Amino acid sequence: MKKYDLVWNVANNNAKDLFKNGVKVKYLQNMWPIYSSNMNFNNPKIKKNKKIKITGNVGNMNATGNSIGLYILASEILPKLKELLEEGSFEFHLFGRGEPFPFLKKILNDPHIKIRGFVKDLDREIINSDIFLVANNSKRFKVGHTRFLHAWSLSSCVVAFQDSSLAMPEIKHEYNALLANDSNEICEYILKCINDKKLRSNLGKNGFKTLNKYFDPKIVTSKI
């Protein structure tokens, strides 16, 4: 890659590593279509006795990042959340083509986890979710994900791991997402969002603002 005069990279952490190794590289934000206005899609008051719906995966079920994320979701986040919330009061909905690896299928076999596969109207599913969880990026494999942009385009309440901001520095804790250091903190933030409608609303609104400021196709292509 050193022979190129310029390389664009949509993951800031990877761009920095390549630059240290002599590649002429610059970080460039990814792109996502922008709606004409913020329609305040999401973050209604969570009704009493209503199951809390958490989007737990978006994308190919056997991709590397997703597989690691699903493992963390099932082995670390789910058991802790069961301690904090009443049994059967919440569900993780997993969306995406493909099948999880066999070893993951076993630990994902839980009544709190709904493997939905490919759905025709993913936007509607996300809008109807109370929280948008990104369980990826807690281990050594740390990459950028357009699912953050998708969630922000629908004013969703995002909870993720802190290291997601290494690849996408535009993700800011307590501004457009809640970023946790570990799975226990992820569960604490989920609980915090469940109990605070204003917090969910502010995170969603600021996510939409971030999308408009940095990831609008017109802005990104003008840089190129």
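Start with threonine 55. In this predicted model, threonine 55 stands opposite phenylalanine 132 in strand E6. Threonine 55 belongs to strand E3, residues 52–58. E3 and E6, residues 131–134, pair in the parallel sense, over two bridges.

Now the other partner of E3. That is strand E4, residues 90–95. Six bridges join E3 and E4, and they run parallel. One register point to look for on your screen: asparagine 57 stands opposite leucine 94 in E4. How does the chain cross from E3 to E4? Through helix H2, residues 64–84. This β-α-β crossover is right-handed.

So is E3 buried or exposed? Seven of its seven residues are buried, so the strand is largely enclosed by the rest of the structure.

Let me step back to the whole chain. We have nine helices and eight strands. The chain has 224 residues, and 50% of them count as buried. The C-alpha trace spans about 60 × 40 × 35 Å along its principal axes. What about the radius of gyration? The chain has 18 Å, and a compact globule with 224 residues would have one near 17 Å, so the two agree.

Two more overall values. Take contacts between residues at least 6 apart in sequence: 65% of them join residues at least 24 apart. And the surface: the chain exposes about 11600 Å², with carbon and sulfur atoms supplying 51% of it.

Next, glutamine 29. Find it in the loop between strand E2, residues 25–27, and E3. Its relative accessibility is 7%, under the 20% cut-off, so glutamine 29 counts as buried. What does a polar side chain do in there? The side chain of glutamine 29 makes a polar contact with the side chain of glutamate 170, at 2.9 Å. The side chain of lysine 223 is joined to that of glutamine 29 by a polar contact too, of 2.9 Å. Which residues is glutamine 29 in contact with, leaving aside neighbours within four places in sequence? The list is Val10, Glu170, Tyr214, Phe215, Val220 and Lys223.

On to helix H1, residues 12–20. Its buried residues are Asn12, Asn13, Ala15 and Leu18. A reminder on helices. An α-helix has 3.6 residues a turn, so residues three or four places apart point the same way. What covers the buried residues of H1? The cover includes strand E1, residues 7–9, along with E2 and H6. Just after H1 comes glycine 22, with a positive phi of about 90°.

That brings me to positive phi outside glycine. Two cases here. Serine 155 is not a glycine, yet it has a positive phi of about 55°. It sits in the loop between helix H5, residues 147–153, and strand E7, residues 158–161. Serine 155 counts as buried, at 1% relative accessibility.

The second case is glutamate 174. Its phi is near 65°, again positive in a residue other than glycine. Look for glutamate 174 in the loop between H6 and E8. Is glutamate 174 buried or exposed? At 54% relative accessibility, over the 50% cut-off, it counts as exposed.

Stay in that loop. Alanine 177 lies there as well, between helix H6, residues 164–167, and strand E8, residues 178–180. Alanine 177 has 0% relative accessibility, so it counts as buried. Its contacts, leaving aside neighbours within four places in sequence, are Val158, Ile171, Lys172 and Leu203. One distance to check: the C-alpha atoms of alanine 177 and glycine 207 are separated by 7.4 Å, and these two are 30 residues apart along the chain.

Last stop, helix H7, residues 183–194. Glutamate 188 lies in this helix. At 46% relative accessibility, glutamate 188 counts as partly exposed. Which C-alpha is 8.4 Å from that of glutamate 188? The one of leucine 81, 107 residues apart along the chain.

To close, go back to where we began. E3 pairs in parallel with E4 over six bridges. E3 pairs in parallel with E6 over two. And seven of its seven residues are buried. Rotate the model to E3 and take it from there.

Key
Residues are numbered from 1 along each chain as its sequence is written. This is a predicted model: local features need pLDDT of at least 70, side-chain atom pairs count only at pLDDT 80 or more; totals for chains, interfaces and linings use all residues. Side-chain values use heavy atoms; hydrogens and water are left out. Buried means under 20% relative accessible area, exposed over 50%, partly exposed in between (1.4 Å probe, protein chains only). Helices (H or I, at least four residues) and strands (E, at least two) are DSSP runs, numbered from the N terminus. Two strands pair if DSSP finds at least two bridges between them. A crossover is right-handed if, with the strands pointing away from the viewer, the path from the first strand over the helix to the second runs clockwise. A polar contact is a pair of N or O atoms within 3.5 Å; within protein, one must be able to donate a hydrogen and the other to accept it, and residues adjacent in sequence count only if both atoms are side-chain atoms. Contact means heavy atoms within 4.5 Å. The radius of gyration is taken over C-alpha atoms; the globule rule is 2.2 Å times the number of residues to the power 0.38. Accessible areas come from the Shrake-Rupley method with a 1.4 Å probe; for residues, only the protein chains shown count as cover.
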